[in-house]
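This report covers the overall fold of one protein chain and two of its helix–helix packings. The sequence and the model are shown here.

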Amino acid sequence: MTFAPAPIPSRTQYVLEAVKHAILTGRLRPGQALVETELAAQFGVSKTPVREALKTLAGTGLVVMSQYKGATVRTVDAAMAREVYDVRLLLEPEALRRSVERAADLEAAREALLKADDSADRAERSLANREFHRALYLSCGNPLLTRMLDDVRDQAALVSTVAWAADPSWEREAAEHREILRLALTGDAQGAARALHEHIAAFVRRAFPEEDEA
């Protein structure tokens, strides 16, 4: 039996993933300029794949393109955070409820929790947190719902990276993750969905309180 070689990722995809990783781990900070010539030199490519990668990242909400300022990492503020988390509150608990009712295999969520516990820094923890939440809704049975949550996943990870830099509250959130997973594994779909809803709402309340609560 012969095996076809694994496809080589395109230059654009390579740059896209590298820049995304740098943004989501905090190496590229909100508001930081993304200069095409500098990125092209860093990755050893021409400006064309860099430009295409930045356009794609702008479409996912991680990068802002301006005619005058060029490309910059998206700035996180309270309005942006609440907008992203409002979508999560509407969709993610329902997706988890459906996953539990379908008796989905949540081993990936368990592995993500262990990875977060073993993380060496905030960057690794943020990526593990992102994997945990996706594992909860991935088997909801509705591909459109999955894609909608995937569309805000990167922006949610950016919000958490910025929030943790100001207030490292991941230990509290890790405990909430364990309770959500416990309920899901026992088959308590409604309980897991309620716990996830409160987890998401509590994070944004702590990190970006309303003005009259501050």
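## Basis for the angles

Axes are lines fitted to C-alpha atoms, for helices over the stretch in contact, and the angles between N-to-C directions run from 0 to 180 degrees. The model is predicted.

## Helix 1 and helix 3

Helix 1 (residues 11–24) and helix 3 (residues 47–60) have axes that come within 8 Å and cross at roughly 55 degrees. Angles that are neither under 35 degrees, over 145, nor from 65 to 115 count as oblique, so helix 1 is oblique to helix 3. The crossing of helix 1 past helix 3 is right-handed.

On the helix 1 side, the contact is made by Arg 11, Thr 12, Val 15, Leu 16, Val 19 and Lys 20. Helix 3 contributes Pro 49, Val 50, Glu 52, Ala 53, Thr 56 and Leu 57. Sorted by class, the residues of this contact are seven nonpolar, two polar and three charged.

## Helix 6 and helix 7

A second packing involves helix 6 (residues 122–137) and helix 7 (residues 143–166), whose axes are 10 Å apart and meet at an angle of about 150 degrees. Angles over 145 degrees count as roughly antiparallel, and helix 6 and helix 7 are therefore roughly antiparallel to each other. Their crossing is right-handed.

From helix 6, the contact takes in Arg 122, Arg 125, Ser 126, Asn 129, Arg 130, Arg 134 and Tyr 137. From helix 7, the residues are Thr 146, Leu 149, Asp 150, Arg 153, Asp 154, Ala 157, Ser 160, Thr 161, Trp 164 and Ala 165. The contact of helix 6 with helix 7 comprises five nonpolar, five polar and seven charged residues.

## Chain as a whole

The protein chain contains nine helices and three strands. Read from the N terminus, its elements follow the order α-β-α-α-β-β-α-α-α-α-α-α.

Taken along the principal axes, the C-alpha atoms fill a box of roughly 65 × 50 × 35 Å. The radius of gyration of the protein chain is 18 Å, which agrees with the value near 17 Å for a compact globule with 214 residues. Of the 214 residues, 45% are buried. Among contacts between residues at least 6 apart in sequence, 74% join residues at least 24 apart.

Methods: Residues numbered from 1 in each chain as written. Predicted model: local features only at pLDDT ≥ 70, side-chain atom pairs only at ≥ 80, totals over all residues. Heavy atoms only, no water. Helix = DSSP H or I, 4+ residues; strand = E, 2+ residues; numbered from the N terminus. Left-handed = near helix turned anticlockwise from the far one by under 90°. Contact = heavy atoms within 4.5 Å. Nonpolar A, V, L, I, M, F, W, Y, C, P; charged D, E, K, R; others polar. Rg over C-alpha atoms; globule rule 2.2 N^0.38 Å. Buried < 20%, exposed > 50% of the residue type's maximum accessible area, 1.4 Å probe, protein only.
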